[in-house]
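Colleague: Before we discuss this model, I should like each term set against its criterion. Please take the assignments in turn.

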Amino acid sequence: MAARRDEDMPPDRNLALELVRVTEAAALQAARMVGMGDKEAADQAAVDGMHAVLHTIHMDGVVVIGEGEKDEAPMLANGEEVGDGTPPYVDIAVDPLEGTRLAAAGRPNALSVIALAERGSMFDPGPVFYMEKMAGRDEIADLLDLDRPLGRTVELVAERRGVEVRDVMVVVLDRPRHEEGIKAIRDAGARVRLITDGDVAGALLAAAPDRPVDLLWGIGGTPEGVISAAALKCYGGGLIGRLWPRDDDERRRAEDAGYDVGKVLTHDDLVKGSNCFFSATGVTDGDVLAGVRYEGARGATTESLVMRSRSGTVRRIQSRHDRTKLRDLTGYRMG
């Protein structure tokens, strides 16, 4: 029997319990900028906090979903190597501050998120920044369909749940491109919960069994779709998506790169395998998590959602931090 190579080693411990330190650090930094009206500064603070701790994690990671071209990020860009360089070998997807505008305006639902999976298992969005998505809990996962009329899907969800259509709530990003879909949902008799930002938070809201939302629908970021897929593989539920090129040039570049822009992708296409990890920490109070609260000159509290797909374990972690001691440990100012 051939010896196993180091580069073949999958994650064999619950890395999510280490990743939560990463999202906590990003949230603690970003929270100092909440309500200051500067989304770039808030995002950079989150990036700095995440970057400082990410390199202390025992792993050899490559950023597949990073701050990327849209954010012109000097750190946590696609392709960057993170971790301390020891096995396991993993793919990393990050959004240090999902909802930069939310944080800048002091609005709810800003999060810091990270997902991790075995090397080579995460979908690379390539040149296509957006995808049409639909997500929901396990009980309705088989009803998700991007080709069926949206109003009919809402009706089927109501039938499956044994409720009236008006009891169904769909979370949708508030964008002009969604006007027809919103009308179809309302014409069917269902309700719409509009969110200004926060694609991953919306997917978590749709998947959570104790929240008043049944379905996520709409066109949002492809990177956020990959992160959401990792979250739902851990949390339970289903997500489907189809690439949505913004123009003919983007479509041509995607097709030239070998992407099938008409294919409907499942969460298992976006994150392959059964061993992925996800952590999210609230920056501002929201539907899914409480935000950072500072206590005096040194203290702070955070709330995080920490999950692993292989075990199906979902943890909600409330932490109290001493920022002075964290600074001494990391060499970086935490908030």
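**Terms and criteria**

Colleague: Why is glutamine 29 called buried?

Modeller: Glutamine 29 has a relative accessible area of 10%. Buried means under 20% relative accessible area (1.4 Å probe, protein chains only), so glutamine 29 is classed as buried. This is a predicted model, in which local features need pLDDT of at least 70, side-chain atom pairs count only at pLDDT 80 or more, and totals for chains, interfaces and linings use all residues. Residues are numbered from 1 along each chain as its sequence is written, and side-chain values use heavy atoms, leaving out hydrogens and water.

Colleague: What makes residues 16–31 a helix?

Modeller: Helices are DSSP runs of H or I with at least four residues, strands are runs of E with at least two, and both are numbered from the N terminus. Residues 16–31 are helix H1, in which glutamine 29 lies.

Colleague: How do you know that strand S5 and strand S8 pair?

Modeller: Pairing requires that DSSP find at least two bridges between two strands. S5 (residues 130–136) and S8 (residues 215–221) have seven, in the antiparallel sense, so they pair. One of the partnerships joins tyrosine 130 to glycine 221 in S8.

Colleague: What makes the sheet with the order S7-S6-S8-S5-S9-S10 open, and which strands stand at its edges?

Modeller: The six strands form an open sheet with mixed pairing. S7 (191–195) and S10 (265–266) stand at the edges; each has a single partner strand, so one side of each lacks a neighbour in the sheet.

Technical notes:
Buried means under 20% relative accessible area, exposed over 50%, partly exposed in between (1.4 Å probe, protein chains only).
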